Amino acid sequence: TFSTGTWAASDYRSLGTGDWSAAGTWERCNGLSWVSATRSPVGSDGIITVRAGHVVTVDVSTAADQVVVASGGQITVATSVTLTIDDGTGSDLDVSGTVDVVGTLTIAASADIALGSGGVLQDSGTVNGAGTILGLSGTIRASGAARTIPNAIGYLRLALIPVFLWLAWEDDGVGAAPALLYGLIALGDYA
């Protein structure tokens with residue numbers, strides 16, 4: 001969880017809808033105020049936030065860390081493009097909006113994706129890697145053919161609550177086979 005109103009000089013946030021690689025899609029905090037970005041964010045930058053009402057399309061393969069998709073915001077990973085979520089300080093990808101994977105989303109080892117209330121991971125491409133998907137109260141939605149998320153680990157806070165109440169998995173009915181989630185589902189208190 002990131003606190004609002006406290007921004008480091010390397011933090012980025014979306015200025016509007018556009019391509020990830022376009023500097024005009026972003027603004028950067030200079031330590032005092034938000035200014036126009038001169039380049040797009042990279043993994044070594046601070047918190048990267050896609051704000052409500054903005055759709056940012058990852059149009060070139062890139063790596064990122066500390067990405068926040070606010071409620072009402074969206075990241076779309078384009079066809080033939082890979083967004084790699086690196087493991088770094090804090091939450092690596094915090095989703096309260098939508099991440100639409102048409103290309104490839106790779107979750108690096110020890111990296112995590114937190115699906116918050118209302119958060120959606122739309123998988124119509126490829127989601128892979130050895131990282132963790134923390135399904136607190138979000139949804140993974142599969143489209144098209146059978147979808148597989150390998151090596152996904154979901155940590156749930158309360159062992160007595162059924163998994164489907166915490167992490168909903170949906171198939172839009174277009175595919176011939178259901179979506180599959182395999183790996184370890186660990187129940188217990190992981191505070």
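## A salt-bridge network around Glu-27

Glu-27 is buried in this predicted model, with a relative accessibility of 10%. "Buried" here means under 20% relative accessible area, "exposed" means over 50%, and "partly exposed" covers what lies in between, using a 1.4 Å probe and protein chains only. A bit of housekeeping: residues are numbered from 1 along each chain as its sequence is written, and side-chain values use heavy atoms, with hydrogens and water left out. Because this is a prediction, local features need pLDDT of at least 70 and side-chain atom pairs count only at pLDDT 80 or more, while totals for chains, interfaces and linings use all residues.

**The charged network**

Glu-27 sits in strand E3 (residues 26-29); strands (E, at least two residues) and helices (H or I, at least four) are DSSP runs numbered from the N terminus. What does the side chain of Glu-27 pair with? The side chain of Arg-13 makes a salt bridge with Glu-27, at 2.6 Å from N to O. That pair ties together distant parts of the chain, with Arg-13 in strand E1 and Glu-27 in strand E3, 14 residues apart. A salt bridge is a side-chain nitrogen of Lys or Arg within 4 Å of a carboxyl oxygen of Asp or Glu. The Arg-13 and Glu-27 side chains also register as a polar contact, again at 2.6 Å. That term covers a pair of N or O atoms within 3.5 Å; within protein, one must be able to donate a hydrogen and the other to accept it, and residues adjacent in sequence count only if both atoms are side-chain atoms.

Glu-27 has another partner: Arg-51, with the closest N and O atoms 3.7 Å apart. This pair also links distant parts of the chain, 24 residues apart, with Arg-51 in the loop between strand E5 (48-50) and strand E6 (55-58) and Glu-27 in strand E3. The whole structure has 3 salt bridges. Asp-45 and Arg-39 form one of them through their side chains, at 2.9 Å from N to O. Through shared partners, salt bridges join Arg-13, Glu-27 and Arg-51 into one network. As background, side chains of opposite charge can pair when their charged atoms come close.

How buried or exposed are the charged residues?

| Residue | Relative accessible area | Class |
|---|---|---|
| Arg-13 | 18% | buried |
| Arg-51 | 28% | partly exposed |
| Asp-45 | 8% | buried |
| Arg-39 | 37% | partly exposed |

The contact lists fill in the neighbourhood, a contact being heavy atoms within 4.5 Å. Skipping residues up to four places away in sequence, Glu-27 touches Arg-13, Trp-34 and Arg-51, among others. With the same kind of filter, Arg-13, which lies in strand E1 (residues 12-14), is in contact with Thr-25, Trp-26, Glu-27, Trp-34, Thr-49 and Arg-51.

**The nonpolar core**

Now for the greasy part. The largest nonpolar core has 30 residues, and Trp-20 and Ile-75 have the most contacts inside it. Such a core is a set of buried Ala, Val, Leu, Ile, Met, Phe, Trp, Tyr and Cys residues joined through side-chain atoms within 4.5 Å. Beyond four places in sequence, the contacts of Ile-75 include Trp-20, Val-50, Val-56, Leu-83 and Val-99. Thr-98 and Asp-100 are also among the residues that Ile-75 contacts.

**Strand E15 and its partners**

Strand E15 (residues 120-123) has Val-120 and Gln-122 pointing one way and Leu-121 and Asp-123 the other, and all of them are buried. In general, side chains in a regular strand alternate between the two faces of the sheet.

Which strands pair with E15? Strand E12 (residues 98-101) pairs with E15 in the parallel sense over 4 bridges, and E15 is joined to strand E18 (residues 139-142) by 4 bridges, also parallel. Pairing requires at least two DSSP bridges between the strands. Thr-98 has Val-120 of E15 as its bridge partner, while Gln-122 is matched with Arg-141 of E18.

Ser-124 falls in the loop between E15 and strand E16 (126-129), and is partly exposed at 32% relative accessibility. The C-alpha atoms of Ser-124 and Ala-142 are separated by 6.0 Å, though the residues are 18 apart along the chain.

**How far to trust it**

The mean pLDDT is 77, and 70% of the residues reach 70 or more; pLDDT is the predictor's confidence in each residue, from 0 to 100. Where does pLDDT stay under 50? Residues 145-191 do so, and the model has 102 contacts beyond four places in sequence for them. Where pLDDT is low, the predicted coordinates should not be read in detail.
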